[in-house]
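These are my notes from a session with one model, set down in the order in which I looked things up. I began with the backbone and went on to the packing.

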Amino acid sequence: MAKKFYVVWQGREPGIYRDWNSCKQQVDKFAGAKYKSFLSLQDAEEAFKAGRSVKKAVGGGRNSKPTSRSSTANGVKTYTAADIAQMPINVKMYTDGGCDPNPGRAGSGMAVYRNEVLESLWYGCYNPEGTNNTAELNALNQAFMLAQTESDSGQSVAIFCDSKYAIQCITQWAIGWQKKGWTKTGGEIKNLSLIQEMFERYQAIKSKVQVLHVNGHVGVEGNELADRMSMVAIQLKEAAFVRYQDEMNIKHILSLRAG
């Protein structure tokens, strides 16, 4: 059977998925879900970026439209590479988490730019029995730690994460969970201890650090580099979160396995 790639335009986390189970997690019981399968990664990436084929997508209708770059679906606005380039921010951090399979071997990655120049790459937080969501949270948590240091030294900081789940957990949902004694209606809070740690960290930096959403696998360089670092973490089984020591040849790094 030929391998398929799944584009999710509207779901819990819009993006491109390499297996049906991962795609299903994003669209199952999600009102207005829009998604479609493709036979090649290139076709999937082009479709996701262009937002085409939505009329034929499962769950789509005549008037269906993919999430736009400025969508605030689920309360999170999405920023494009052009949007980000116009932001007068000193330090821009990109985070990503990967899992192969999901659940399974998980790792996290981060790319840090200072004044629009790539300064450092990071990878780690390997977990042989992790999930994609946990990997995304771990990456964002590492960015929070670095953001604290940078903001304390007077730098303006923005963190770009491609997981709406991770962003909303910390910046939106955790507020209500905390008020209810760290409980939620309808079930357990997954990754609770990590979320509690991150929420406390976020409270200390939220007035100085922006946490923004960017779509994954749409050609945003920082996001793509963070993605490759998450795969390096899995490959090397690096439990700590460490700085990438090889030459930062962007073209070469982008040719590495994508998550």
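I looked first for Pro101, and I found it in the loop between E4 and E5. The model is a predicted one, and in it the peptide bond from Asp100 to Pro101 is cis, with omega near -10 degrees. I then checked Pro103, which lies in the loop between E4 and E5, and noted that a cis peptide bond joins Asn102 and Pro103, with omega at about 0 degrees.

From the loop I turned to the strands that flank it. Strand E4 covers residues 91-100 and strand E5 residues 104-114, and I recorded that they pair in the antiparallel sense over ten bridges. To fix the register I looked up Met93, whose bridge partner in E5 is Val112.

Next I asked in what order the strands of the open sheet stand. I read the order as E8-E7-E4-E5-E6-E9, six strands with mixed pairing. Strand E8 (209-213) and strand E9 (241-243) each have a single partner strand and stand at the edges, so one side of each is left without a neighbour in the sheet. For the twist I noted an average of 20 degrees from one strand to the next.

I then looked for what lies against these strands, and found helix H4, residues 132-152, lying across E4, E5, strand E6 (117-130), strand E7 (157-161), E8 and E9. Taken against E4, the direction of H4 is at about 160 degrees.

My next search was for positive phi values. Glu116, in the loop between E5 and E6, has phi near 70 degrees, which is positive although the residue is not glycine. Is Glu116 buried, partly exposed or exposed? I entered it as partly exposed, because its relative accessibility is 46% and the partly exposed class runs between 20% and 50%.

Cys125 is another entry of this kind, a residue other than glycine with a positive phi, here near 60 degrees. Cys125 lies in strand E6, and I noted it as buried because its relative accessible area is 14%, where buried means under 20%.

I also noted Lys237, which follows H7 and has a positive phi near 55 degrees. Helix H7 itself, residues 221-236, has 16 residues and reaches 22 Å from its first C-alpha to its last, which is close to the 22 Å expected at 1.5 Å a residue. When I looked at its burial, I found H7 mostly covered, with 13 of its 16 residues buried.

For helix packing I kept in mind that two packed helices are described by the angle between their axes and the distance between the axes. Helix H5 (residues 164-179) and helix H6 (residues 192-205) pack at an angle of about 90 degrees, with their axes 10 Å apart, and I therefore wrote them down as roughly perpendicular to each other. On the H5 side the contact is made by Tyr165, Cys169, Ile170, Thr171, Ala174, Ile175, Trp177 and Gln178, and on the H6 side by Ile195, Met198, Phe199 and Tyr202. Sorted by class, this contact has ten nonpolar residues, two polar ones and no charged ones.

I closed with the totals. The protein has eight helices and nine strands, and of its 259 residues 49% count as buried. Among contacts between residues at least 6 apart in sequence, I noted that 68% join residues at least 24 apart.

Notes
Residues numbered from 1 in each chain as written. Predicted model: local features only at pLDDT ≥ 70, side-chain atom pairs only at ≥ 80, totals over all residues. Heavy atoms only, no water. Axes fitted to C-alpha atoms, helices over the stretch in contact; angles between N-to-C directions. Helix = DSSP H or I, 4+ residues; strand = E, 2+ residues; numbered from the N terminus. Parallel < 35°, antiparallel > 145°, perpendicular 65-115°, else oblique. Contact = heavy atoms within 4.5 Å. Nonpolar A, V, L, I, M, F, W, Y, C, P; charged D, E, K, R; others polar. Expected span 1.5 Å × (residues − 1). Buried < 20%, exposed > 50% of the residue type's maximum accessible area, 1.4 Å probe, protein only. Pairing = 2+ DSSP bridges.
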